[in-house]
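Thanks, everyone. I have one structure to walk through today. Please have the viewer open.

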Amino acid sequence: MKSGAVWLASATQEEIDGFLGSLSENALLALPWVFEFWALAHQLPPEGAWKTWVIMGGRGAGKTRAGAEWVRAQVEGARPDDPGRAARVALVAETLDQAREVMVLGESGIIACSPPDRRPKWISSRNLLQWPNGAVAQVVSAHDPESLRGPQFDAAWVDELAKWPKAQATWDQLQFALRLGQNPQQVVTTTPRNVEVLKAILKNPTTVITHAPTEANRAYLAESFLAEVEARFGGSLLGRQELLGELVEDVPDALWTQQMIATAQAIEALRPSRVVVAVDPPVTATKVSDECGIVVVGADTRGEPKDWRAVVLADRSVRGATPDGWARAALAAMEEFGAERLVAEVNQGGDLVRGVIQQVDPLVPFREVRATRSKMLRAEPVAALYEQGRVAHVRGLGDLESQLMKMARTGWQGQGSPDRLDALVWALTDLMVDPAGKLGRPGLRTL
């Protein structure tokens, strides 16, 4: 069913007036409670046979409202006293207080979403919701998985599973309890985190998923909130999780983990004494490229080498650029950040790479580097700098950070080529790992 909210967003005032004028008085009074009309696409249940529906989204994306309305759809019948598809529902949150204040009594909770003639009563002494048709919903805390032994349900709403301390045990017990009716189903509303129980649920063939960033629910959120969180967290690992609603996973045996990236983001940026721009040119230097990695890194290299610190200042990588285009982008980054040198890998046509750059600026300070070892071996000493807490990240490096977390000790685990990662490795190698060029003759470094 197409969301009425989508139609309203594009309809003319004349079309809206005509639609409202065509409704009977009863239909007009009921319209505010017809969620299928007002819902956003990610808030509507997918079609088909499924056991679990995961609504995965950013903060404020409308997950709670979707969960509350799904429960309504399960328990309500055609008339207030008629039975619905479900009669016994589990409402599971991290704590009883959170279940009560968010799922039951919250502004987007079940009671607020229910029309007056179908509104359930909250029985606080029993942690229970009871509808006029006799259906009930039991509140359960994820801190007490054993409380799910004994009760049985035909539907369940699970909220913020990814942050439960006993997530696996609680989820397992809920599956045993969800055994009534012809097709017991459950909805999970959560901001994603890299936890095994959520990843296993998402991989289950009986799971369906809808997804939305915070921005999708913009009409119902304060503009000041959106501006503030985007300014503070946009482009960061936390922003990808909390605003975009993305599940950011660590690959097995990763050189860079989520924790390492988060630590780099938290380190206070330093004032570098040296800045370089590193370029990982595309496979061919003569055609339009898929992507050219261009990364700007600074370092404070005063004092002993063990005291040196670096900061990744920018990712200026470009897609679909001609050789002249990516060369100009790299040189523009040098000018923007006052870089002392351009470092470029020359495995793919060294003379061509040098020529492309020098056609734009014949006098640019330029160092060629040549890869003789695998990407993983080149990346290891750079990843070690992160483990030591010696590299900081500015905000806005999400694409680069995503590539870093896909590099494992067994090799690159992502798709395509990690051009941004390669450029970062060359920059940090030039500044921190091998600043004297001992691994190759001056001007042509091998690694």
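I will start with the whole chain, then go through some strands, helices and single residues.

Keep in mind throughout that this is a predicted model. Every value I quote is computed.

Overall picture. The protein has 447 residues, and 50% of them count as buried. Its secondary structure comprises 17 helices and 18 strands. Along the principal axes, the C-alpha atoms fill a box of roughly 85 × 55 × 35 Å. The accessible surface is about 21,000 Å². Carbon and sulfur atoms hold 51% of that surface.

Now contacts. Take the contacts with a sequence separation of 6 or more. Of these, 70% link residues 24 or more positions apart.

Charges next. There are 48 positive and 55 negative charges. How far apart are their mean positions? The answer is 4 Å.

On to the strands. Begin with β13, residues 341-345. Five of its five residues are buried. R341, V343 and E345 point one way from the strand. L342 and A344 point the other way. Note that the buried set includes the charged pair R341 and E345.

Which strands pair with β13 here? One is β9, residues 274-280, which runs parallel to β13 over four bridges. Within that pairing, V279 of β9 has A344 of β13 as its bridge partner. Another is β14, also parallel to β13 and joined to it by four bridges. Two of the residue pairs are worth clicking on. L342 is bridged to F366 of β14. V343 is bridged to R367 of β14. Strand β14 itself covers residues 366-370, and four of its five residues are buried.

Now two helices. First, α12, residues 258-266. Its buried residues are Q258, M260, I261 and A264. Why do they sit on the same side of α12? Because they cover an arc of only 165 degrees around the axis. The general rule behind such patterns is that an α-helix has 3.6 residues a turn, so residues three or four places apart point the same way. On the face of α12 turned away from the buried side, you find Q259 and A266, both exposed.

Second, α9, residues 196-203. Here V197, L198, K199, I201 and L202 are buried. What do these buried residues pack against? Two strands in the list are β1, at 52-57, and β7, at 185-190. The others are helix α8, at 167-177, and strand β8.

β8 also leads to a loop. L221 lies between β8, at 207-212, and α10, at 223-233. Set aside the neighbours within four places in sequence, and L221 is in contact with G60, T214 and L226. For a distance to check, try L221 to A423. They are 202 residues apart in sequence, and their C-alpha atoms are 39 Å apart in space.

Next, an arginine. R420 is in helix α17, residues 419-433. Is R420 buried or exposed? R420 is buried, because its relative accessible area is 7%, and the cut-off for buried is under 20%. Its contacts beyond four places in sequence include three acidic residues, E291, D315 and D399. R319 is on the list as well. The remaining contacts are G293, V295, S317, L400 and Q403. For scale, the C-alpha atoms of R420 and Q358 are separated by 22 Å, with their positions 62 residues apart along the chain.

Last topic, backbone angles. Most residues other than glycine have a negative phi. Two residues here go the other way. N127 is not a glycine, yet its phi is positive, about 50 degrees. N127 sits in the loop between β3, at 121-123, and β4, at 128-130. E160 also has a positive phi, near 50 degrees. Its loop runs between β6, at 155-159, and α8.

How do these two compare in cover? N127 has 22% relative accessibility, so N127 counts as partly exposed. E160 has 18%, so E160 counts as buried. The dividing value is 20%.

That is the tour. Let's take questions with the model on screen.

Notes
Residues are numbered from 1 along each chain as its sequence is written. This is a predicted model: local features need pLDDT of at least 70, side-chain atom pairs count only at pLDDT 80 or more; totals for chains, interfaces and linings use all residues. Side-chain values use heavy atoms; hydrogens and water are left out. Buried means under 20% relative accessible area, exposed over 50%, partly exposed in between (1.4 Å probe, protein chains only). Contact means heavy atoms within 4.5 Å. Accessible areas come from the Shrake-Rupley method with a 1.4 Å probe; for residues, only the protein chains shown count as cover. The place of a charge is taken as NZ of Lys, CZ of Arg, CG of Asp or CD of Glu. Two strands pair if DSSP finds at least two bridges between them. The arc is that of the directions from the helix axis to the C-beta atoms.
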